[in-house]
Amino acid sequence: MATAASAARVTLFEDIFEVTALNPEGKKFDRVNRLSATGTTFECDLLLDINCEIYSLLEGEKMTLVLASTLNLDGSPDDHTSYNPSQMARNEPTLADNYEYVMHGRVFDVSYKKDGVVVIAISFGGMLCRLTGDQRHLSSVLPDMRLYVLIKKD
């Protein structure tokens, strides 16, 4: 059974975001929407690509977004060789069970700006994410780290 302590080890970042725009620079791909969103607690800015054929978010909707180091509720590390949702049907609950949309990826850039702002760039197999905010709230996300993004509508 997962405890609050193990959940804290798993979660690198969590906030509720409000979608402020869909495809702010125009639609580039048929099956992909780029979301622009703002965090309601930590006021981070988010740009995130999602597969709009399997998951939909609209402008004005709110979503909970979590960055996690593992899907194992006990905090034990994943092998991170690949993420295959069909392999998750193993009779053990995972963090993914509580979310509607999950992607596995790697941090490919962390840039520190003025005034303690950090910009984190993550690739989920070509689907991109850029998270910009106060480095105090994003300090657990490190360069070259493999992680999961988990999303559910609020």
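Two strands count as paired here if DSSP finds at least two bridges between them. Strands (E, at least two residues) and helices (H or I, at least four) are DSSP runs, numbered from the N terminus.

Before you click around, note that this is a predicted model, where local features need pLDDT of at least 70, side-chain atom pairs count only at pLDDT 80 or more, and totals for chains, interfaces and linings use all residues. Residues are numbered from 1 along each chain as its sequence is written, and side-chain values use heavy atoms, with hydrogens and water left out.

**Stop one: strand E2**

Select residues 32–39, which make up strand E2. Six of those eight residues are buried, meaning under 20% relative accessible area, while exposed is over 50% and partly exposed lies in between (1.4 Å probe, protein chains only).

Now add residues 11–22, strand E1: five bridges join E1 to E2, and the two run antiparallel. Click leucine 22 and look across to its bridge partner in E2, leucine 35.

Stay on leucine 35, then bring up strand E3, residues 45–51. E3 pairs with E2 in the antiparallel sense too, over seven bridges. Leucine 35 has a bridge partner in E3 as well: leucine 48.

Follow the chain from E2 into E3 and you trace a hairpin with five residues between the strands. Pause in the turn at glutamate 43, whose phi is positive, about 55°.

**Stop two: the salt bridges**

Side chains of opposite charge can pair when their charged atoms come close. To count as a salt bridge, a side-chain nitrogen of Lys or Arg must lie within 4 Å of a carboxyl oxygen of Asp or Glu. How many salt bridges does this rule give? The count comes to three.

Start with arginine 34 and aspartate 49, whose closest N and O atoms are 2.6 Å apart. This pair links distant parts of the chain, with arginine 34 in E2 and aspartate 49 in E3, 15 residues apart. Is aspartate 49 buried or exposed? Aspartate 49 counts as buried at 5% relative accessibility, whereas arginine 34 is partly exposed at 29%.

Next, select aspartate 144 and arginine 106, with closest N and O atoms 3.5 Å apart. Aspartate 144 sits in the loop between helix H2 (135–138) and strand E8 (146–153), and arginine 106 is in strand E5 (residues 101–112), 38 residues away. Arginine 106 is partly exposed, at 31%.

Finish at aspartate 134 and arginine 136, where the closest N and O atoms are 2.7 Å apart. Aspartate 134 is partly exposed at 24%, and arginine 136 is exposed at 64%.
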